[in-house]
Structures are given as C-alpha cells and as structure tokens.
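Thanks for coming. I will take one structure today and go through it piece by piece, with the sequence and the model on the screen.

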Amino acid sequence: RALELDLRAAFEAEAFDLHYQPIYDLTAERICGFEALLRWNHPLRGRVSPTEFVPLAEEIGLIVPLGEWVLRRACREAAGWPDDLKLAVNVSAAQFTSVGLITMVRDALAESHLPAHRLELEITEGVLLVNGNATVAILHGLRGLGTRIAMDDFGTGYSSLSYLRSFPFDKMKVDRCFTRDLMAEPGSGFIVRAVISLASSLGMITTAEGVETPEQLARLREEGCNEAQGYLFSPPVPASEVPALLETWN
Ligand code: G
Ligand code: G
Ligand code: MN
Ligand code: NA
C-alpha cells in the first residue's frame, strides 16, 4: 500500500508527466496525430509503468482527477500543434462511472481551444462490460461534442463481438501482440486481416499498434491498414520533442 500513498502524494505534487507517441497515416505518409501517455517518475523507484499505477489509480478512485489532469494538460499542449494533428487520450472504465465525464471533456476542449474533432478518446472493451447501457449513452454524449471514439487494444479483452453493434466506433486499434507475431505466425496475419476487414465493413478505420519493423509496416499496408504506431516511428517522447518528430517525418 506504500505505492498507493505515493500515488496520492504524486498527484498532489503534480509529479506526473505526459509523453506523446506519433500515429502515422499510411496513405498520407505522415504523422497525423499523437497519443498522450501518462508517466510517473517516482522519487525512489524511478519510472513506474502506467500498467502498474493506472490500475492502482482506478482502484483508489484517483483515476477520475488524474484522468482530468491528463486530458486538460494534453488538450492544452495539442492546441499548440499544427492544426492537422489529432490528439488521442486514454480513458479508463472507471472514468465512465463518473457522471461528469462529458462536462469534463467539454470544459477541457473549451479552455484549451482545441477543436473537438481533433480529440480522440481511446477506450478498451472493458468499458462496455461494466455498465453497457449507461456507457453507450455517455459515448453518444461524447460523440455529440464532436470528439472521435477509438476502441483500444482490440482483440485482447474478454467481451464478445456483439458490443460492436451497440456503438459505432470511429477507429479500432489492433493490439500490438498481433503486430508482433505478424511475420512469424500465419495466425496473427489472418487475425490482422480479419480485424481490418471487420473494421472497414463497419465504417471504422484501423491503427496497428507496436509496429517495430519496415517488414511489419509493408505487410500492414498490403492488408489495408490505415495507420500505424510503434517504435519504428518513435517511442513516446516528451512534448518538447514533438516538433523534431514532425520535422523528421512530415
Ligand atoms: O506507454 P505505456 O507503456 O507506458 O502505456 C501502458 C498502458 O498504460 C497502456 O495500455 C495505456 O493505455 C495505459 N495508459 C497510459 N497513459 C494513460 C492514461 O493517461 N490514462 C489511462 N487510463 N491509461 C493510460
Ligand atoms: O494505450 P496502449 O496500451 O496502446 O499504450 C501503448 C503502450 O505500448 C505504451 O506502453 C507504449 O510505450 C508501448 N509501445 C508503443 N510502441 C511500441 C512498440 O513498437 N513496441 C513495444 N514493445 N511497445 C510499444
Ligand atoms: Mn491507447
Ligand atoms: Na493500446
């Protein structure tokens, strides 16, 4: 529970930071946006991975104020980027139980002057498992603001495909475990192909996560994937390095 106390203290001390990872448009052949990723530099332990502290923040209810901090900060930073760039922000299931989510997003957009269509909220399948009907209503409210909604880590959750009928997502992010095995395992290739085909028949675009090699990228392009994200382009970087990435790729 020591980590829990540290996490609360870190929030009070604003000891969190955001890094940004580029998302590359395979058709335009340029960076089309960035995903904001939370970073915590613990005074003793050093960098703690969000896969460790985000679940803890969810458990202790800290994810609601922390998620608000992430969104405000990210919108403010993204408002200063060239205006053809989108911003993707991860939203936890726990934030969907807070009735204020729609108001919070609307306020963050208003105060940053970031146009709503440049904001994309990434949610995981788990969000729809918790409270399906209420969640779908909130998703429609968020869409009503003009933001885009992406399904993150697609293919790793436990839900059935039926939830895809309950809400029309704008984008599907193919989990990096499928990209990783793309060249080695025929099965992964078939899954990626099926996901891209499913997404496109439902009117969604696809982003492949975890792209590390030119071979993976070529294969994804062949399969009709729209966007790619991964170490091939860049790891997540501090906001100060965004201009240099745009200089390199765009
Ligand atoms: O980049 P990285 O290894 O650090 O991210 C690990 C996981 O933590 C990812 O699955 C990502 O979705 C999650 N994560 C990173 N930042 C945030 C955030 O701001 N909010 C939420 N809810 N999850 C985040
Ligand atoms: O939200 P999400 O779970 O997709 O968060 C992305 C996570 O994946 C982050 O932890 C990020 O640092 C990590 N990541 C991004 N690109 C790559 C990659 O090319 N390879 C690997 N192994 N991890 C990546
Ligand atoms: Mn994500
Ligand atoms: Na993901």
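Glutamate 14 is exposed, because no more than 12 other C-beta atoms lie within 10 Å of its own; the count is 9. Keep in mind that this is a predicted model. Glutamate 14 belongs to the loop that joins α1 and β1. Its phi is positive, near 50°, and the residue is not a glycine.

There is a second case of that kind. Glutamate 29 sits in the loop between β1 and β2. Its phi is also positive, at about 55°, and again this is not a glycine. Glutamate 29 has 10 C-beta neighbours inside 10 Å and therefore counts as exposed.

Between those two loops we have the strand. β1 covers residues 16–25, and leucine 18 is in it. Is leucine 18 exposed or partly exposed? With 18 C-beta neighbours inside 10 Å, leucine 18 counts as partly exposed. Leaving aside residues up to four places away in sequence, leucine 18 touches Ala36, Leu37, Leu38 and Arg39, and also Val70, Arg73, Ala74 and Ala239. One distance for orientation: from leucine 18 to tryptophan 40 is 8.6 Å, C-alpha to C-alpha, with their positions 22 residues apart in sequence.

A leucine with another setting is leucine 44, which is placed in the loop between β2 and β3, the latter being residues 46–48. Leucine 44 has 6 C-beta neighbours inside 10 Å, so it counts as exposed. The C-alpha atoms of leucine 44 and valine 136 are 41 Å apart, and the two residues are separated by 92 places along the chain.

Next, helix α2. Which residues of α2 are buried? They are Phe53, Val54 and Ala57. Looking down the axis of α2, these buried residues fall within an arc of 105°, so they line one face of the helix. In general, an α-helix has 3.6 residues a turn, so residues three or four places apart point the same way. The other side of α2 has Thr51, Glu52, Pro55 and Glu59, which are exposed. As for what the buried residues of α2 pack against, that is α1, β2, β3 and α3. After α2 comes glycine 61, with a positive phi near 80°.

The packing against α1 can be described further. α1 is residues 2–12, and its axis and that of α2 are 10 Å apart, at an angle of about 85°. The two helices are therefore roughly perpendicular to each other. From α1 the contact uses Leu3, Glu4 and Leu7, and from α2 it uses Phe53, Leu56 and Ala57. By class that is five nonpolar residues, one charged and no polar.

α2 also brings us to ligand 1. Around ligand 1 are Leu37, Leu38, Ser49, Pro50, Thr51, Val54, Gly67, Val70, Asn90, Ser92 and Pro236. Some of these have come up already: Leu37, Leu38 and Val70 are among the residues that leucine 18 touches. Which elements supply at least two residues of this shell? Those are β2, residues 30–42, α2, residues 50–59, and α3, residues 63–78. The largest share is three residues, and it comes from α2. Within α2, Val54 is on the list of buried residues, while Thr51 is on the list of exposed ones. By class, the shell around ligand 1 has six nonpolar and five polar residues, and no charged residues.

Now ligand 2. How many residues surround ligand 2? There are 13, and the closest are Glu209, Gly210, Glu212, Gly230 and Tyr231. By class this shell has five charged, four polar and four nonpolar residues.

The last item is helix α10, residues 214–222, where Gln216, Leu217 and Leu220 are buried. These cover an arc of only 100° around the axis, which puts them on the same side of α10. The face turned away from that buried side carries Pro214, Glu215, Ala218 and Glu222, which are exposed. The cover over the buried residues of α10 includes α8 (176–180), β8 (205–208) and β9 (227–228). Just after α10, glycine 224 takes a positive phi of about 90°.

That is what I have for today. I can put any of these regions back on the screen.

Technical notes: Residues numbered from 1 in each chain as written. Chains lettered and ligands numbered in written order. Predicted model: local features only at pLDDT ≥ 70, side-chain atom pairs only at ≥ 80, totals over all residues. Helix = DSSP H or I, 4+ residues; strand = E, 2+ residues; numbered from the N terminus. Buried ≥ 20, exposed ≤ 12 C-beta atoms within 10 Å, placed from the backbone. Contact = placed C-beta atoms within 7 Å. Near = placed C-beta within 6 Å. Nonpolar A, V, L, I, M, F, W, Y, C, P; charged D, E, K, R; others polar. Axes fitted to C-alpha atoms, helices over the stretch in contact; angles between N-to-C directions. Parallel < 35°, antiparallel > 145°, perpendicular 65-115°, else oblique. Arc of directions from axis to C-beta.
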